[in-house]
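Q: Could you walk me through this one? I'd like to go over the interior, the open spaces and any unusual backbone spots.

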Amino acid sequence: MALLRVGYLTYGLDRKPTGIGRYSVELLRSMHRQSSEVEFVLLTTEGEDRHGLWQQFERHALPGCSRLPVLLSLGNLLLSDAIRRYRLDIVHDPNGIAPFFGPAYGASRIVTLHDAFAFVTPHTHNRLDNWRYRVQLPYAARAATAVVTVSQCSKRDLSHYLHIPDEHIHVIAEGVDTRFSPVADDRRREAVLAKYGIKPPYLLYVGGISARKNIVRLIEAAVLVRRRHPEIRLVLAGSKQWRTASIDRALARADLDDTVYCTGYVDDDDLPSLYSGAEVFVFPSLYEGFGLPPLEAMACGTPVVTSNRSSLPEVVGSAALRVDPLDPRAIADSIMLILDQPHLASELRRQGLERARQFSWAQAGARMLELYMMLAPAPSYASVPQD
């Protein structure tokens with residue numbers, strides 16, 4: 001039986017990994033472990049291999065495509081050429097970039113669209129992303145043989161805003177890496193906290209520092225919490241992204257002195273200790289396609305307070321306290337419930353560990369492989385949904 005050859009587009013993996021980069025790597029590794037019938041061919045845009053993938057898989061570079069504008073233009077020709085040159089049965093873009101303007105030459109094309117943030121919260125993002133979602137993605141999503149997304153919430157949003165038929169969208173949830181588990185070793189936790197200059201006890205946020213993540217209201221909630229718990233600190237773990245002036249102003253206005261730690265990017269290996277050492281993990285994001293950090297915190301045994309919007313209720317279930325992200329008082333009250341009620345904190349830890357076990361990369365990889373098999377042999381180009 002001939003192997004199914006899947007071209008797997010990688011983008012941005014030579015940078016510090018974020019949510020989509022981690023998704024791309026973990027999904028690929030999971031599928032490779034589970035299937036001997038699929039031959040993965042990496043179509044790479046990066047200048048270096050930070051994840052040890054290039055020696056493990058057949059690889060072909062897309063020259064000059066390390067910058068998004070080039071990938072969105074020249075990349076279309078290169079991807080179409082790659083289908084013929086490398087005899088690909090499927091091309092999968094796990095990044096949500098989808099430069100599928102060129103011909104498919106009989107191959108199936110799959111794109112993972114993680115969310116619809118540019119439609120729901122356009123004011124929190126840059127012009128290129130907003131343009132890409134509004135102008136390029138509607139065409140590319142229809143040119144794809146199948147669209148994958150990571151939550152039912154994202155499926156509803158993509159169907160609504162991009163006018164994609166429901167049957168064209170497949171929901172495959174993300175997973176929690178096995179590295180995320182409670183860190184009981186005091187010395188290991190203390191070493192990580194010392195590395196970032198953090199003194200416990202602390203509340204923790206992990207993710208990009210941007211307007212969509214609702215950091216300003218989190219800071220306002222922390223001020224309210226400190227009125228009852230003056231010993232508590234706030235850790236904001238993540239890189240600054242865009243439109244952060246309001247966050248800087250909120251920090252200055254709050255006058256929290258040395259009680260807020262802005263760590264910048266945190267290495268993946270340090271995250272389990274950081275999660276495990278927190279009193280409460282707080283994630284009041286305004287919009288998420290999935291929202292992996294709350295699950296990672298749960299897997300490390302940390303009580304979670306999160307938003308009651310977008311995909312987050314779907315992801316955390318009843319294992320977290322869910323609040324109105326627009327109400328700093330509600331955020332603060334939920335945090336203080338956990339700080340003031342040890343039995344509640346203990347129950348949330350138990351439920352969180354159980355909830356996190358329901359999401360694995362093994363499961364995600366198995367479901368994606370099923371989709372690959374369903375699309376092979378590829379349908380004819382004429383069967384691709386049109387306007």
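A: What follows is a short talk through some features of this model, which is a predicted one.

Q: Let's begin inside, then: which residues touch the most other members of the largest nonpolar core?
A: That core has 91 residues, and the members that touch the most others are Phe-40, Leu-204, Tyr-275, Met-368 and Tyr-372. The largest share of this core, seven residues, is supplied by helix H7, which covers residues 215-228.

Q: And what does Phe-40 touch, leaving out residues up to four places away in sequence?
A: With those left out, Phe-40 touches Val-6, Leu-28, Met-31, His-32, Phe-57 and Glu-58, together with Leu-369 and Tyr-372. Tyr-372 is also listed among the residues that touch the most other members of the core. Apart from this core lies another, of 37 residues, including Ile-97, Ala-118, Ala-140 and Leu-158.

Q: Switching to serines: is Ser-154 buried or exposed?
A: Ser-154 counts as buried because its relative accessibility is 0%, under the 20% cut-off. Ser-154 is a residue of helix H5, which covers residues 152-162.

Q: What lies 3.1 Å from a polar atom of its side chain, and what else is Ser-154 in contact with?
A: The atom 3.1 Å from that polar side-chain atom of Ser-154 is the backbone oxygen of His-114. Leaving aside neighbours within four places in sequence, Ser-154 is in contact with His-114 and Asp-115, as well as with Thr-149, Tyr-287 and Gly-289.

Q: How about Ser-24, where is that found?
A: Ser-24 is found in helix H1, residues 19-34, and at 1% relative accessibility Ser-24 counts as buried. The side chain of Ser-24 is joined to the side chain of Asn-95 by a polar contact of 3.5 Å. Not counting residues up to four places away in sequence, Ser-24 touches Tyr-8, Pro-94 and Asn-95.

Q: OK, open spaces now. How many cavities of 30 Å³ or more turn up?
A: Two such cavities are found in a search of the whole structure, and the largest has a volume of about 50 Å³. Lining the largest cavity are Thr-10, Leu-13, Leu-42, Glu-46, Glu-48, Asp-49, Arg-50, His-51, Leu-53 and Trp-54. By class, that lining has four nonpolar, two polar and four charged residues.

Q: And the second largest pocket, what lines that?
A: The second largest pocket holds about 210 Å³ of space. Its lining is made up of Pro-17, Arg-22, Val-25, Glu-26, Arg-29, His-51, Arg-179, Tyr-265, Asp-267, Asp-268 and Asp-269, which by class gives seven charged, three nonpolar and one polar residue. His-51 is listed in this pocket lining and also in the lining of the largest cavity.

Q: Any odd backbone geometry?
A: As background, most residues other than glycine have a negative phi, and most peptide bonds are trans. The peptide bond from Pro-200 to Pro-201 is cis, with omega near 0°, and Pro-201 sits in the loop between helix H6 (186-195) and strand S8 (202-206). His-163, which is not a glycine, has a positive phi near 60°, and Asn-214, also not a glycine, has a positive phi of about 70°.

Q: Where are those last two, and are they buried or exposed?
A: His-163 is placed in the loop between H5 and strand S7 (169-171), and His-163 counts as exposed because its relative accessibility is 61%. Asn-214 is placed in the loop between S8 and H7, whereas at 3% relative accessibility Asn-214 counts as buried.

Terms used
Residues are numbered from 1 along each chain as its sequence is written. This is a predicted model: local features need pLDDT of at least 70, side-chain atom pairs count only at pLDDT 80 or more; totals for chains, interfaces and linings use all residues. Side-chain values use heavy atoms; hydrogens and water are left out. Helices (H or I, at least four residues) and strands (E, at least two) are DSSP runs, numbered from the N terminus. Buried means under 20% relative accessible area, exposed over 50%, partly exposed in between (1.4 Å probe, protein chains only). A polar contact is a pair of N or O atoms within 3.5 Å; within protein, one must be able to donate a hydrogen and the other to accept it, and residues adjacent in sequence count only if both atoms are side-chain atoms. Contact means heavy atoms within 4.5 Å. On a 1 Å grid over the protein atoms alone, a cavity is a set of points where a 1.4 Å probe fits but cannot get out, and a pocket is an open set with protein on both sides within 12 Å along at least five of seven lines; lining residues have an atom within 4 Å of a point. Grid points are joined across faces, edges and corners, and a volume is the space filled by probe spheres set on the points. Ala, Val, Leu, Ile, Met, Phe, Trp, Tyr, Cys and Pro count as nonpolar, Asp, Glu, Lys and Arg as charged, and the others, Gly among them, as polar. A nonpolar core is a set of buried Ala, Val, Leu, Ile, Met, Phe, Trp, Tyr and Cys residues joined through side-chain atoms within 4.5 Å.
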